[in-house]
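Walk me through how the helices and rings of this model pack against one another. Keep the explanation brisk.

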Amino acid sequence: MWRFGWNPGRTLRGADLEAVLVSAAYGTDPLLRAGCEAAREGDVEAGATLLVETREDPEARAYQAEALGRAAVDRPDEVAALVEAGADPADTMLWLGHTLLARAMTLPSGGTGQADRKAFEAALHEARVPLEEAARANPEDAAPWSALQTVAMGLGDREERERAWTEASARAPHLFPAHMTRVRALAPSRGGSAEEMFAAAGAAADTAPEGSPLPAVLALAHAEYLRGEQRRLASEGNSAYITSMAMGRLHGEAVRELFELAQGWASAAAPHVREVQAHHLFGWAFRRAGEQDLARWHLGMVGHYVCDVPWSFFGSARAEAALAMAELGVDPSLAEQGG
């Protein structure tokens with residue numbers, strides 16, 4: 001199943017690998033990436049065509065809406081105009097909602113700047129409108145509700161967050177992005193608790209369909225927890241070195257549980273739009289645990305794509321992932337350059 005052969009032909013450096021890595025923000029499927037590129041250049045009709053084909057597949061629909069939203073972040077008016085051109089209102093509002101949500105996420109949300117916070121909240125409220133309209137236009141669609149979780153999380157609206165989670169999970173119980181947001185929303189840094197967060201991640205992993213990458217959300221819970229602890233230690237005045245040393249590694253039962261989940265997925269994995277994301281999560285976790293062979297295998301499966309989560313929790317996603325790959329001897333330049 002897992003083969004751990006490793007024979008690097010040269011010494012790899014993180015700085016060199018950074019240039020090789022390609023962001024997975026626009027997806028890892030060549031057709032989707034082409035649609036995103038077209039949307040970035042102003043051809044939004046191409047994106048609308050892609051969404052039409054996802055109506056019976058919640059995972060693909062949520063995945064494509066996210067990617068297309070990022071691609072059209074500077075073209076919300078052109079996306080909105082698709083309705084007048086005859087595009088399906090549910091598809092268009094879902095895309096517009098993700099476009100406005102992606103734009104909101106580019107704004108500063110933390111710190112002490114009241115003006116920045118107000119601008120961020122206003123952008124989230126703006127994104128909420130088309131997402132709610134998409135949910136009304138297609139009552140069976142889980143994708144708008146999954147995105148509305150993110151809106152509510154950003155606004156700190158616990159009641160709306162719980163409602164969005166309930167609606168999303170009722171329509172698509174194993175929707176990967178809905179569970180990702182659920183885990184992050186329950187993090188101690190957002191007013192939840194470690195117990196709640198790990199319970200949600202564990203329940204998702206335990207009930208995941210065979211072959212689903214969903215168990216990787218448990219690795220996400222560990223990343224969220226460690227990020228919160230790192231921030232806490234830094235806020236107490238500890239140096240970056242002391243904070244890093246204090247965090248230590250994942251160990252013991254946590255690693256055994258992750259190993260069993262990753263092994264179960266790898267042994268029966270079915271093609272899935274989130275598989276690269278899952279490999280990054282497991283790869284990060286096993287590297288943190290000192291399980292180099294496991295980390296190397298997972299990061300060797302991502303090709304030349306890098307996901308922000310979980311690497312961006314601890315620095316630049318591209319730099320952190322490249323450093324991990326260099327340490328493990330994973331060369332993304334050997335991947336097929338098809339995306």
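Arg-227 lies over the face of Phe-313, and the distance to the ring centre is 3.9 Å. This is a predicted model, so the position is computed from predicted coordinates. A second charge of this kind belongs to Arg-288. Its charged end sits over the ring of Phe-314, 5.6 Å from the centre of that ring.

Arg-227 also has a part in a helix pair. It is one of the helix 12 residues that meet helix 10. Helix 10 covers residues 176-185, and helix 12 covers residues 217-235. Their axes come within 9 Å and cross at roughly 30°. An angle under 35 degrees counts as roughly parallel. Helix 10 is therefore roughly parallel to helix 12. The crossing is right-handed.

Which residues of helix 10 and helix 12 meet? From helix 10 come His-179, Met-180, Val-183 and Arg-184. From helix 12 come Val-217, Leu-220, Ala-221, Glu-224 and Arg-227. By class, this contact of helix 10 with helix 12 has five nonpolar residues, one polar residue and three charged residues.

Now turn to another helix pair. Helix 8 spans residues 143-155, and helix 9 spans residues 158-171. They pack at an angle of about 160°, and their axes are 8 Å apart. Angles over 145 degrees count as roughly antiparallel. That is why helix 8 is roughly antiparallel to helix 9. Helix 8 passes helix 9 in a left-handed crossing.

On the helix 8 side, the contact is made by Trp-145, Ser-146, Leu-148, Gln-149 and Ala-152. Helix 9 supplies Glu-160, Arg-161, Arg-163, Ala-164, Trp-165, Glu-167, Ala-168 and Arg-171. What classes make up the contact of helix 8 with helix 9? Its residues divide into six nonpolar, two polar and five charged.

Aromatic rings come next. How many aromatic pairs does a search of the whole structure find? The search finds five. One aromatic cluster is formed by Trp-265, Phe-282 and Phe-286.

The last stop is a peptide bond. The bond from Val-309 to Pro-310 is cis, and its omega is near 5°. Where does Pro-310 sit? Its place is in the loop between strand 2 (305-306) and helix 17 (317-328).

Notes. Residues are numbered from 1 along each chain as its sequence is written. This is a predicted model: local features need pLDDT of at least 70, side-chain atom pairs count only at pLDDT 80 or more; totals for chains, interfaces and linings use all residues. Side-chain values use heavy atoms; hydrogens and water are left out. Rings of Phe, Tyr and Trp (its six-membered ring) pair if their centres lie within 6.5 Å; planes under 30 degrees apart count as stacked, over 60 as edge-to-face and the rest as tilted. A charge sits over a ring if NZ of Lys or CZ of Arg is within 6 Å of the ring centre and within 35 degrees of the ring normal. Axes are lines fitted to C-alpha atoms, for helices over the stretch in contact, and angles run from 0 to 180 degrees between N-to-C directions. Helices (H or I, at least four residues) and strands (E, at least two) are DSSP runs, numbered from the N terminus. Angles under 35 degrees count as roughly parallel, over 145 as roughly antiparallel, 65 to 115 as roughly perpendicular and the rest as oblique. A crossing is left-handed if the near helix is turned anticlockwise from the far one by less than a right angle, and right-handed if clockwise. Contact means heavy atoms within 4.5 Å. Ala, Val, Leu, Ile, Met, Phe, Trp, Tyr, Cys and Pro count as nonpolar, Asp, Glu, Lys and Arg as charged, and the others, Gly among them, as polar.
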